[in-house]
Amino acid sequence: MKLFALVAAAAALASTPAAARCFDVTGRVLVERSSVDNHGFQKTSYQPATEASPGDHLVFQLDYINARPTPANMIVLTNPIPPQLVYAGSGTPGEIVSVDGGQSFGKLAELTVTEDNGVTRQAMPSDVTHVRWVIHREMPSGTGGQLSFRAVMRDMAAAPEREIQMAMR
């Protein structure tokens with residue numbers, strides 16, 4: 001399966017018109033590949049994702065730079081999780097997620113989902129629709145950082161029906 005939607009999701013933040021943004025954000029998608037070296041040891045490598053199959057592990061990297069001429073004290077970055085992916089976490093502190101299409105955010109362990117039959121249950125990674133980071137620190141002009149999250153390509157026959165929202169909040 002081609003990753004056009006995946007790359008578009010990672011680049012969604014970067015597509016905001018320059019006049020409307022304070023940060024330049026670029027994104028890339030890497031696919032995790034495992035192999036065994038000549039000595040029998042398992043080796044993991046990350047390659048630019050051009051294709052992915054159900055079960056493939058992907059890493060979305062977002063680089064951000066303060067494009068303002070003055071320091072910034074906070075940045076909020078929101079990235080949608082396309083429906084063909086299952087969110088698999090982030091190693092970046094301060095991450096919060098949404099399970100309701102980006103309407104509200106919190107820590108995954110604190111969120112619930114109401115099923116069609118009215119039963120409420122604990123939210124799971126497969127329910128995540130957006131990931132957000134709120135970073136409170138001074139960032140002089142021209143400085144920035146990198147955020148990432150992981151996802152697993154799902155079998156599209158099992159994917160939830162939801163519209164992909166690509167917007168910067």
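Start by selecting Asp100, which is partly exposed, with a relative accessible area of 35%. Keep in mind that you are looking at a predicted model. Asp100 lies in the loop between β6 (95–98) and β7 (112–114). Show its side chain and you will see that Asp100 reaches the backbone nitrogen of Gln103 at 3.0 Å. Now add Val128: the C-alpha atoms of Asp100 and Val128 are 7.8 Å apart, although 28 residues separate the two in sequence.

Next, select Arg132 and Phe105. The charged end of Arg132 sits over the ring of Phe105, 3.8 Å from the ring's centre.

Time for the aromatic rings. The structure holds 4 aromatic pairs. Pick Tyr87 and Phe149: this pair is tilted, with 6.3 Å from centre to centre and 35° between the planes. Tyr87 belongs to strand β5 (residues 85–87) and Phe149 to strand β10 (residues 144–153), so the pair links distant parts of the chain, 62 residues apart. Then add Trp133, in strand β9. Trp133 and Phe149 also form a tilted pair, at 6.3 Å centre to centre and 40° between the planes. Is Trp133 buried or exposed? Trp133 counts as buried because its relative accessibility is 0%. Add Phe60 as well, and you have one aromatic cluster of Phe60, Tyr87, Trp133 and Phe149.

Last stop: Met139, found in strand β9 (residues 130–139). With 0% relative accessibility, Met139 counts as buried. Among the residues Met139 touches are Phe23, Tyr64, Pro71 and Ile75. Finally, select Asn73: its C-alpha atom is 6.2 Å from that of Met139, with the two residues 66 apart along the chain.

Conventions
Residues are numbered from 1 along each chain as its sequence is written. This is a predicted model: local features need pLDDT of at least 70, side-chain atom pairs count only at pLDDT 80 or more; totals for chains, interfaces and linings use all residues. Side-chain values use heavy atoms; hydrogens and water are left out. Helices (H or I, at least four residues) and strands (E, at least two) are DSSP runs, numbered from the N terminus. Buried means under 20% relative accessible area, exposed over 50%, partly exposed in between (1.4 Å probe, protein chains only). Contact means heavy atoms within 4.5 Å. A polar contact is a pair of N or O atoms within 3.5 Å; within protein, one must be able to donate a hydrogen and the other to accept it, and residues adjacent in sequence count only if both atoms are side-chain atoms. Rings of Phe, Tyr and Trp (its six-membered ring) pair if their centres lie within 6.5 Å; planes under 30 degrees apart count as stacked, over 60 as edge-to-face and the rest as tilted. A charge sits over a ring if NZ of Lys or CZ of Arg is within 6 Å of the ring centre and within 35 degrees of the ring normal. Lists of a residue's contacts leave out its neighbours within four places in sequence.
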